[in-house]
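Subject: Structure for your review

Dear colleague,

Please find below the structure that I am handing over to you. My findings follow it, grouped by topic.

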Amino acid sequence: MLDSIQRFFQQALTVPSSEESTLTLELAAAVLLCEIVRADYHRDEAELAALRETLKRRYRLSDTAVEELMSLAAQEVEEAVDHHRFVSLLNEHYSEQQRFALVESMWRLAYADGELDPLEEHRIRRLADLLFLSHGDFIRAKLRVQKELNRI
């Protein structure tokens, strides 16, 4: 466990090559998505399944790679004091469109169990701010996901 965490920080603190960048960025995004899953302090299988599917589709990973990424992300979430390392890496390497798509994924995870908890909404708002997205983008992402899920 410590080896995998140490590897992550070594990759995150150096300028990643294109191959290393993918894994590091995947982990940083997975950590933020895990934050949404755990925001309401309720471990829900529907949200975990949605997280698996999101990571698999978004990064074109095998089932084994998704499970490993989720495990590593969950460890990071438990041990992290703040989100600075993860958000900084994403802000540096993701376009505004990619950050917006990540926030949309957060909304999909929040709605995966059939209800939006105020703690999930608050966490998404905080992370959208840290990702330098405007309040308008935060609302636009929410409305797009609600429309997609027939919640409007």
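What percentage of the 152 residues of the protein chain count as buried? The answer is 45%. Please note that this is a predicted model, and that the values in this message are computed from it.

Overall architecture

The protein chain contains eight helices and zero strands. Along the sequence, its pattern therefore reads α-α-α-α-α-α-α-α, given that helices and strands are numbered from the N terminus. Considering the contacts in the protein chain with a separation of 6 or more, 73% are accounted for by residues 24 or more positions apart.

The largest pocket

The largest pocket holds about 320 Å³ of space. It is lined by 15 residues, and those closest to its centre are C34, V37, R43, L48 and A74. By character, the lining residues comprise eight nonpolar, two polar and five charged.

Three helices each supply at least two residues of this lining: α2 (18-38), α3 (45-59) and α4 (63-79). Which helix gives the most to the lining? That helix is α4, with six residues.

A74, one of the residues closest to the pocket centre, is placed in helix α4. With a relative accessible area of 36%, A74 is partly exposed, because this value falls between the limits of 20% for buried and 50% for exposed. The C-alpha atom of A74 is separated by 8.5 Å from that of A30, although the two residues are 44 residues apart along the chain.

A buried charge without a partner

E26 deserves a separate entry. Its place is in helix α2, and E26 is buried yet has no salt bridge. How far away is the nearest side chain of opposite charge? That side chain belongs to R58, and the distance is 8.8 Å. A salt bridge requires the nitrogen and the carboxyl oxygen to lie within 4 Å, so the pair E26 and R58 does not qualify. When neighbours within four places in sequence are left aside, the contacts of E26 are with Y59, L61 and L69.

Salt bridges

A search of the whole structure finds 10 salt bridges. Three of them are described here, including their exposure.

The side chains of E35 and R38 meet in a salt bridge, at 3.7 Å from N to O. Both residues lie in helix α2, three residues apart, which is about one turn of the helix. E35 counts as buried because its relative accessibility is 6%, under the 20% limit. R38 counts as partly exposed at 35% relative accessibility.

A salt bridge also joins D63 and K56, with the closest N and O atoms 2.6 Å apart. D63 counts as partly exposed at 49% relative accessibility, and K56 counts as partly exposed at 34%.

In the salt bridge between K142 and E121, the closest N and O atoms are 2.8 Å apart. This pair links distant parts of the chain, with K142 in helix α8 (residues 135-148) and E121 in helix α7 (residues 118-130), 21 residues apart. Is K142 buried or exposed? With a relative accessible area of 14%, K142 is buried, whereas E121 is partly exposed at 25%.

Salt bridges that share partners also join E35, R38, E78 and R123 into one network. The E35 and R38 pair described above thus belongs to that network.

Backbone angles in two loops

Two residues other than glycine have a positive phi. For R60, phi is about 55°; for F132, the value is near 60°. Where in the chain are they found? R60 is in the loop between α3 and α4, and F132 is in the loop between α7 and α8. R60 is exposed, because its relative accessible area of 77% is over the 50% limit. F132 is likewise exposed, with a relative accessible area of 62%.

Yours sincerely

Terms used. Residues numbered from 1 in each chain as written. Predicted model: local features only at pLDDT ≥ 70, side-chain atom pairs only at ≥ 80, totals over all residues. Heavy atoms only, no water. 1 Å grid on protein atoms, 1.4 Å probe; cavity = no way out; pocket = protein on both sides within 12 Å on 5 of 7 lines; lining within 4 Å. Points joined across faces, edges and corners; volume = space filled by probe spheres on them. Helix = DSSP H or I, 4+ residues; strand = E, 2+ residues; numbered from the N terminus. Nonpolar A, V, L, I, M, F, W, Y, C, P; charged D, E, K, R; others polar. Buried < 20%, exposed > 50% of the residue type's maximum accessible area, 1.4 Å probe, protein only. Lys, Arg positive; Asp, Glu negative; His and termini not counted. Contact = heavy atoms within 4.5 Å.
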